Amino acid sequence: MVKIQQHKPVIWSDKAKMALKDHYDWIKSESKSAADNVRREIIRSTKTLVLNPEKHQLDEYYPNNPGNIRRFFRWSYRIIFQVKMDQIVI
């Protein structure tokens with residue numbers, strides 16, 4: 001029997017959406033095209049989490065990490081996500 005792996009959807013929390021908007025607005029004050037590129041790359045990189053979220057290391061800075069909170073970086077931005085049973089939450 002072949003086991004088919006189901007991909008978990010990536011869900012952005014309201015807090016994560018607001019943080020991305022704040023970063024976008026800050027960069028946009030200097031360059032709209034740079035802000036667009038940063039936002040696009042961050043969103044693109046989070047979409048790839050469905051393939052293998054465990055490839056990223058546990059977030060050692062997250063207080064009392066229960067073992068399912070991971071992180072990765074895009075430029076100087078730390079993207080924190082939680083791998084749950086049925087979804088991945090940014």
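Read from the N terminus, the chain runs β-α-α-β-β-β, a total of two helices and four strands; helices (H or I, at least four residues) and strands (E, at least two) are DSSP runs, numbered from the N terminus. The model is predicted, so local features need pLDDT of at least 70 and side-chain atom pairs count only at pLDDT 80 or more, while totals for chains, interfaces and linings use all residues. Residues are numbered from 1 along each chain as its sequence is written, and side-chain values use heavy atoms, with hydrogens and water left out.

Along the principal axes, the C-alpha atoms occupy a box of roughly 55 × 30 × 20 Å. The accessible surface is about 6600 Å², with 56% of this area belonging to carbon and sulfur atoms (Shrake-Rupley method, 1.4 Å probe; for residues, only the protein chains shown count as cover). Of the 90 residues, 29% are buried, meaning under 20% relative accessible area (1.4 Å probe, protein chains only). Contacts (heavy atoms within 4.5 Å) between residues at least 6 apart in sequence join residues at least 24 apart in 47% of cases.

Helix α2 rewards a closer look. Its 16 residues (residues 32–47) should span 22 Å at 1.5 Å a residue, and the end C-alpha atoms lie 23 Å apart, which agrees; the expected span is 1.5 Å times one less than the number of residues. Within α2, the buried residues are A35, D36, V38, I42, S45 and T46. Their cover includes helix α1 (14–28) together with strands β1 (10–11), β2 (69–74) and β3 (77–83).

Terms used:
Buried means under 20% relative accessible area, exposed over 50%, partly exposed in between (1.4 Å probe, protein chains only).
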